[in-house]
Amino acid sequence: RDLFKDMLDAHWAGQQGNPSPRIGGGGIRGCAGNEQLCLGALQNRKDFQAKTVVASGIRFNCGAKESFIRRIRQERDVEIMHFMGGSKSAAARVLCQGQPDLTTEGPTGYGCSRS
């Protein structure tokens with residue numbers, strides 16, 4: 001929890017960052033834009049590396065590009081896909097309107113229902 005609190009404090013502080021994080025290890029800067037930039041600023045810290053896993057973005061954190069959408073539907077080797085920026089509007093189409101139904105709950109399930 002302290003890591004997420006520290007990241008949020010650093011984000012809210014803007015360019016100044018969080019000079020005294022709860023997790024130790026010196027100030028956290030580079031979090032003004034988004035959580036990915038913040039994690040990038042932390043990933044080379046020994047205390048962070050000892051307690052986290054940073055894995056392949058090709059399998060575990062794919063952007064919603066058409067090539068990854070094909071892979072998640074056909075090859076099933078994509079574990080996590082994120083929808084941010086211009087790809088947010090593609091989430092319903094990718095998750096609910098393709099074959100297979102990636103939510104496994106159908107069009108009236110929690111992930112796809114419009115009500």
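This is a short talk on the fold, the disulfides and a few residues of one protein chain.

Okay, hi everyone. Before anything else, please keep in mind that we're looking at a predicted model.

Let's begin with the layout. The chain has five helices and two strands. If you walk along the sequence, the order goes α-α-α-β-α-β-α. Now, how does the overall spread look? The radius of gyration is 18 Å, and the globule rule gives 13 Å for 115 residues, so this chain is more spread out than a compact globule. Put a box around the C-alpha atoms, along the principal axes, and you get roughly 50 × 30 × 25 Å.

There's a nice pair of residues to give you a feel for that. Take Glu75, which sits in helix α4, residues 66-75. Glu75 is exposed, at 54% relative accessible area. Now look across to Gln15: 60 residues separate Glu75 and Gln15 along the chain, and their C-alpha atoms are 41 Å apart.

What share of the 115 residues is buried? That comes out at 28%. As for contacts, if you take those with a separation of 6 or more, 18% are between residues 24 or more positions apart. The accessible surface of the chain is about 8,000 Å², and carbon and sulfur atoms hold 52% of that. On charge, we have 16 positive and 11 negative, and the mean positions of those two sets lie 3 Å apart.

Right, on to the disulfides. How many does the structure hold? Two. Counting bonded cysteines along the chain, the pattern is 1-2, 3-4.

The one I'll take to start with links Cys31 and Cys38, with 1.9 Å between the sulfur atoms. Which hand does this one have? The torsion about the S-S bond of Cys31 and Cys38 is about 60 degrees, so the disulfide is right-handed. And both partners, Cys31 and Cys38, are buried.

The other link joins Cys96 to Cys112, again with the sulfurs 1.9 Å apart. Here the angle about the S-S bond is -90 degrees, and that makes the link of Cys96 and Cys112 left-handed. Cys96 belongs to helix α5, residues 91-96, while Cys112 is in the segment after α5, so the pair ties together parts that are 16 residues apart in sequence. Is Cys112 buried or exposed? With a relative accessible area of 12%, Cys112 is under the 20% cut-off, so we call it buried.

Let's stay around α5 for a moment, since Arg93 is in that helix too. Arg93 has 34% relative accessibility and counts as partly exposed. Which residues does Arg93 touch, beyond its neighbours within four places in sequence? The contacts are Glu66, Ile69, Arg73 and Gly98. Glu66 there is one end of helix α4, which spans residues 66-75. There's also a spatial tie back to our disulfide: Arg93 and Cys112 are 19 residues apart in sequence, and C-alpha to C-alpha they are 9.5 Å apart.

Carry on into the segment after α5 and you come to Thr104. Have a look at the backbone here. Thr104 has a phi near 65 degrees, which is a positive value in a residue other than glycine. Thr104 is exposed, too, at 69% relative accessibility.

Last stop, back towards the start of the chain. Where is Ile23? You'll find Ile23 in the loop between α1, residues 2-12, and α2, residues 35-42. Ile23 is partly exposed, at 28% relative accessible area. Leaving out residues up to four places away in sequence, Ile23 touches Asp2, Leu3, Asp6, Ile28 and Asp47. Of those, Asp2, Leu3 and Asp6 fall within the 2-12 range of α1, so to speak. Then there's Phe48: Ile23 and Phe48 are 25 residues apart along the chain, with 8.7 Å between their C-alpha atoms.

To wrap up: the chain is built from five helices and two strands, and two disulfides go with them. One of those is the right-handed link of Cys31 and Cys38, and the other is the left-handed link of Cys96 and Cys112. That's all from me, thanks.

Note on methods:
Residues are numbered from 1 along each chain as its sequence is written. This is a predicted model: local features need pLDDT of at least 70, side-chain atom pairs count only at pLDDT 80 or more; totals for chains, interfaces and linings use all residues. Side-chain values use heavy atoms; hydrogens and water are left out. Helices (H or I, at least four residues) and strands (E, at least two) are DSSP runs, numbered from the N terminus. The radius of gyration is taken over C-alpha atoms; the globule rule is 2.2 Å times the number of residues to the power 0.38. Buried means under 20% relative accessible area, exposed over 50%, partly exposed in between (1.4 Å probe, protein chains only). Contact means heavy atoms within 4.5 Å. Accessible areas come from the Shrake-Rupley method with a 1.4 Å probe; for residues, only the protein chains shown count as cover. Lys and Arg count as positive and Asp and Glu as negative; His and the chain ends are not counted. The place of a charge is taken as NZ of Lys, CZ of Arg, CG of Asp or CD of Glu. A disulfide is a pair of cysteine sulfur atoms within 2.5 Å.
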